[in-house]
Amino acid sequence: MATHGAPTGGLTPTARLTSPGRAVGVSPPVGERQSYDAVVVGSGPAGAVAALGLARAGLSVLLVEKKTFPRPKVCGGCLSGNAVAALHGVGLWDRVGPYATPLDRFEWRNAGSRAVSVPTVGGWAIERSVLDRLLVDAAVDAGATFRDGTSAKLTQDETSSAGEHAVELRSTRPGGTAASVTAATIIWAAGLGGGPDARFTIESAESSRVGVGAILAAGRDDLPAGAIVMASGDAGYVGCVRLADGRLDAAAAVDRAALRAGDAGRVVADLATRAGLSAATVDSLRDAVWLGTPTLTRKAQPLAVGGVFLVGDAAGYVEPFTGEGIGWALASGSDVVPFAARRIEVVRDGRPDDEALVRAWAERYDSRVGREQRWCRAIRRGLRSGLARRAAAGTVRFVPAAARPVTTHLGLSADV
């Protein structure tokens, strides 16, 4: 994986994936108690944008990440039109845009069907590790404190003030130390792992696929730049986009049974072969080093308890055939800011009203992200049927305008 960083410190847009040598958050936890208005656990798009918003509001924010930066992530690397709009909304597109590559078409290659190509407008590709670094650096620039290589666990602490939470921090580096901090608000953005504590339940769909992802070296495949190329079949699907430096970002959702019968490279290569991708691309996919995820389609309940708010993938996720994962994360990370800020305010005033905030956050999340995920679940169910996939591919091939509901939903206006 390439190293990455923000536009400052020597990284130029043409270099894009070259590290500037900028380091934030590398110090381990210290052994003394500290207090923050908010602790944000997880530094992906949802956590970083939440930390950014709270820091801009003048609140003290600690953003922690279990992994050490730079860290690879299983992600398709697609910024939909909705994701780009979210970045504009928080004033970060000028920071992110120079490192992204525009996408002008969606190519779908389904096993047993002829390839379909639909022109699109508004999508971009970016390596996830680059995006995360840019967003975290923006949060730090706004005043947030960032610690990577640091795990976080909610604990009970009798000395905490009323309404505050105690968080145990532990460095994941060799010889690292531990610390305890307190905060009025916890934003849990720790991805597809478990919930913050026993008050939260994570329900995974029985038929859920798992995710695998890889970055492929430039020059070994023959997929075009500027396109989202999706290959689908009975065992799942794989999507590929060309990054700014010529490498290929590949991410797949595959059946667990298929993975038990073979390694990820073989499973994805077989999908690509059946969908008609070239031998060069198939070989590149087979030889890649793949990373995996837990089951993808899941739902968390509740979405908030007593000043602990779930955002991003931690709040719920659906197999991302539509490429909306980053968009959902950015939306929830931005939306949670006023709710978290309100919780901090009422704790300071000694009059917490958690039930009202819990209801309000659940309603806001459902109206913005939950509705989109229900739509995506419908697509997921349709993709499980080979007959439905072939019918959809045939319809779009002969009537390209039939793709407009999907591309419009994603903010990728179909140019048909």
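## A guided tour, starting at S332

Select S332 and A329: the backbone oxygen of A329 lies 3.2 Å from a polar atom of the side chain of S332. You are looking at a predicted model, so keep that in mind as you go from stop to stop.

**Stop 1: around S332.** Stay on S332 and colour residues 325-348, which form helix α8, the home of S332. Is S332 buried or exposed? Its relative accessibility is 1%, so S332 counts as buried. Now show the residues that S332 touches, leaving out those up to four places away in sequence: A46, V311, G312, W361, Y365 and V369. Pick W361 from that group and draw a line between the two C-alpha atoms. S332 and W361 are 29 residues apart in sequence, and their C-alpha atoms are 9.8 Å apart in space.

**Stop 2: helices α1 and α4.** Next, select residues 45-56 for α1 and residues 128-141 for α4. Two packed helices are described by the angle between their axes and the distance between the axes. Here the axes come within 8 Å and cross at roughly 15°. An angle under 35 degrees counts as roughly parallel, and α1 and α4 are therefore roughly parallel to each other. The crossing of α1 past α4 is left-handed. To see the contact itself, show the side chains of P45, A48, V49, A51, L52 and A55 on α1, then R128, L131, D132, L135, V136, A138 and A139 on α4. What kinds of residue make this contact of α1 with α4? There are 11 nonpolar residues, two charged ones and no polar ones.

**Stop 3: helix α6 and its surroundings.** Move on to residues 264-274, which are helix α6. Just at its start, click on D263, which caps the N-terminal end of α6: a side-chain oxygen of D263 lies 3.0 Å from the backbone nitrogen of G265. After the helix comes G276, with a positive phi near 90°. Within α6, the buried residues are A264, G265, V267, V268, A269, L271 and A272. What covers them? The cover includes strands β11 (210-216), β12 (227-233), β13 (236-242) and β14 (248-254), along with helices α5 (256-261) and α7 (279-287).

Keep α7 on screen beside α6. These two helices pack at an angle of about 165°, and their axes are 7 Å apart. Angles over 145 degrees count as roughly antiparallel, so α6 and α7 are roughly antiparallel to each other. Their crossing is right-handed. Select G265, V268, A269, A272 and T273 in α6 to find where this helix meets V282, L285 and R286 in α7. The residues of this contact divide into five nonpolar, two polar and one charged.

**Stop 4: E107 in a strand.** For a change from helices, go to E107 in strand β4, residues 101-110. With a relative accessibility of 12%, E107 counts as buried. Show R109 as well, and you will find a polar contact of 2.8 Å between the side chains of E107 and R109. Setting aside residues up to four places away in sequence, E107 touches V116, S117, P224, A227, I228, V229 and M230.

**Last stop: the whole protein.** Zoom out and switch to a cartoon view. The secondary structure comes to 11 helices and 20 strands. Of the 416 residues in the protein, 53% are buried. Finally, among contacts with a separation of 6 or more, 72% are between residues 24 or more positions apart.

Conventions: Residues are numbered from 1 along each chain as its sequence is written. This is a predicted model: local features need pLDDT of at least 70, side-chain atom pairs count only at pLDDT 80 or more; totals for chains, interfaces and linings use all residues. Side-chain values use heavy atoms; hydrogens and water are left out. Helices (H or I, at least four residues) and strands (E, at least two) are DSSP runs, numbered from the N terminus. Buried means under 20% relative accessible area, exposed over 50%, partly exposed in between (1.4 Å probe, protein chains only). A polar contact is a pair of N or O atoms within 3.5 Å; within protein, one must be able to donate a hydrogen and the other to accept it, and residues adjacent in sequence count only if both atoms are side-chain atoms. Contact means heavy atoms within 4.5 Å. Axes are lines fitted to C-alpha atoms, for helices over the stretch in contact, and angles run from 0 to 180 degrees between N-to-C directions. Angles under 35 degrees count as roughly parallel, over 145 as roughly antiparallel, 65 to 115 as roughly perpendicular and the rest as oblique. A crossing is left-handed if the near helix is turned anticlockwise from the far one by less than a right angle, and right-handed if clockwise. Ala, Val, Leu, Ile, Met, Phe, Trp, Tyr, Cys and Pro count as nonpolar, Asp, Glu, Lys and Arg as charged, and the others, Gly among them, as polar.
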